[in-house]
Amino acid sequence: MDRFEVMQVFLRVAETGSFTRAAEDMRLPRATVSLAVQQLEASLGTRVFHRTTRRVQLTQDGQALLERCRSLLQDLEEVEGLFQRDGSDVAGKLKVDVPSRMGRMLIAPALPAFFARYPNIELELGTTDRLIDLVSEGVDCVIRVGHLQDSSLVSRQLTEFQVISCASRAYLDQHGTPQSIADLERHWAVNYVSSASGRLYPWEHIEDGVARTVSMRSRVTVNNAEAYMACCQSGLGMIQVPVHDLAELTSGGELVEVLRPWRPAPMPVCALYPHRRHLSRRVQAFIEWMETLLCRPAL
């Protein structure tokens, strides 16, 4: 390995806290990763990791080296692509995580266009609705919808999703269509609870320009977007979701928007990543592509 490759190995071990996980992420034998770190320590004349059978932790010298390595590798990547005008120079493995329904309905169908533009990127696409520890799980960035809790991660808002209230035709045939917010007291909702915080999301609407919430009766609570949609389709109650999740169902008439004059406030869609200054060109390319994709009109 050359010196820059050794730095890349060191950086991955430092970020994951594991020789084994770093080897898996980089698709290298574990022995190769271990040897690269040994070579680095020999060339520097100092230990960069404390090693035990259970964990790998940076030494004080290793911590100082970490930031310098990030800076050097970022500078190298920028220099290599300085005179490139297409996406062929953006290469390597990219690990991202997106909401499950967004991944299936919006991103996966558009990936052929992404790879046509960036043929040398290898994408590992996770689709979850839970909080992700980017560093320990080796994730480069995540896309999340909604207002975010305080975080040490860098957040970049890509767009906003309009949110609508809707119900299945079977539900409306049985319970009638609400004509006002006051009508909600005799209707049912499917409750959604955050898998990360356990917080129950309230039923929201804008009334006279002010965001308000209202209590709704419910017989079922879920913590997954797919289950949320499925319960609504089964006639168990009304839901509130971004329009991008509903395009095929509302256009086909399976779900119907209700209370349109009182739509909830839009939800921000953000990209989250660990470091602003040392953002790789692969992550930049994916985030910019996502921003364009998400800004396509839905309804």
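# Group meeting talk: packing and pairing around a mixed sheet

Let me begin with a single residue: Leu255 has a relative accessibility of 2%, and therefore counts as buried. Before I go further, please keep in mind that what we are looking at is a predicted model, and that the values I quote are computed from it.

Leu255 belongs to strand β13, which covers residues 255-258. If we set aside its neighbours within four places in sequence, Leu255 is in contact with Cys166, Ala167, Ser168, Met229, Cys232, Gln233, Leu246, Leu249 and Thr250. Of these I would pick out Ala167, which is 88 residues away from Leu255 along the chain, while the C-alpha atoms of the two are separated by 5.5 Å. I would also ask you to remember Met229, which touches Leu255 and which comes back as one of the α8 residues that meet helix α5.

That brings me to the two helices, α5 with residues 100-117 and α8 with residues 225-233, whose axes lie 7 Å apart and which pack at an angle of about 80 degrees. Since angles of 65 to 115 degrees count as roughly perpendicular, α5 and α8 are therefore described as roughly perpendicular to each other. On the α5 side the residues involved are Ser100, Arg101 and Arg104, and on the α8 side they are Ala225, Glu226 and Met229. Sorted by class, this contact of α5 with α8 has three charged residues, two nonpolar and one polar.

Let me turn now to the sheet. In which order do the five strands of the open sheet follow one another? The order is β4-β3-β5-β14-β6, and the pairing is mixed. At the edges we find β4, residues 121-127, and β6, residues 154-161, each of which pairs on one side only. On average, and with direction ignored, neighbouring strands of this sheet are turned by 20 degrees against each other.

As a reminder, strands of a sheet pair through backbone hydrogen bonds, in either a parallel or an antiparallel way. Here β6 and strand β14, residues 267-273, run antiparallel and are joined by seven bridges; within that pairing, Ser155 stands opposite Leu272 of β14. Helix α10, residues 281-294, packs on the sheet, where it touches β3, β4, β5, β6 and β14, and its direction makes about 20 degrees with that of β6.

Helix α10 also takes us to the aromatic side chains, for which a search of the whole structure finds nine pairs. I will show one of them, Phe114 with Phe286, which is edge-to-face, with 5.9 Å from centre to centre and 80 degrees between the planes. Why does this pair tie together parts that are far from each other in sequence, 172 residues apart? Phe114 lies in helix α5 whereas Phe286 lies in helix α10, so the pair links parts of the chain with that separation. Are the two rings' residues buried or exposed? Phe114 has 0% relative accessibility and so counts as buried, and Phe286, with a relative accessible area of 0%, is buried too. Both residues also belong to one aromatic cluster, which is formed by Phe114, Phe115, Tyr118, Phe286 and Trp289.

Next comes a hairpin. Strand β9, residues 203-207, and strand β10, residues 210-214, pair in the antiparallel sense over five bridges, and Trp203 has Val214 in β10 as its bridge partner. Two residues lie between the strands of this hairpin. Asp208, in the loop between β9 and β10, has a positive phi of about 55 degrees although it is not a glycine. With a relative accessible area of 72%, Asp208 is exposed.

A positive phi of about 55 degrees is also found at Leu259, again not a glycine, and this residue sits in the loop between β13 and β14. Leu259, however, has 7% relative accessibility and therefore counts as buried.

I will close with Ser194, placed in the loop between β8 and β9. Its relative accessibility of 12% is under 20%, so Ser194 counts as buried. Apart from neighbours within four places in sequence, Ser194 is in contact with Arg199 and Tyr201.

Technical notes:
Residues are numbered from 1 along each chain as its sequence is written. This is a predicted model: local features need pLDDT of at least 70, side-chain atom pairs count only at pLDDT 80 or more; totals for chains, interfaces and linings use all residues. Side-chain values use heavy atoms; hydrogens and water are left out. Axes are lines fitted to C-alpha atoms, for helices over the stretch in contact, and angles run from 0 to 180 degrees between N-to-C directions. Helices (H or I, at least four residues) and strands (E, at least two) are DSSP runs, numbered from the N terminus. Angles under 35 degrees count as roughly parallel, over 145 as roughly antiparallel, 65 to 115 as roughly perpendicular and the rest as oblique. Contact means heavy atoms within 4.5 Å. Ala, Val, Leu, Ile, Met, Phe, Trp, Tyr, Cys and Pro count as nonpolar, Asp, Glu, Lys and Arg as charged, and the others, Gly among them, as polar. Two strands pair if DSSP finds at least two bridges between them. Rings of Phe, Tyr and Trp (its six-membered ring) pair if their centres lie within 6.5 Å; planes under 30 degrees apart count as stacked, over 60 as edge-to-face and the rest as tilted. Buried means under 20% relative accessible area, exposed over 50%, partly exposed in between (1.4 Å probe, protein chains only).
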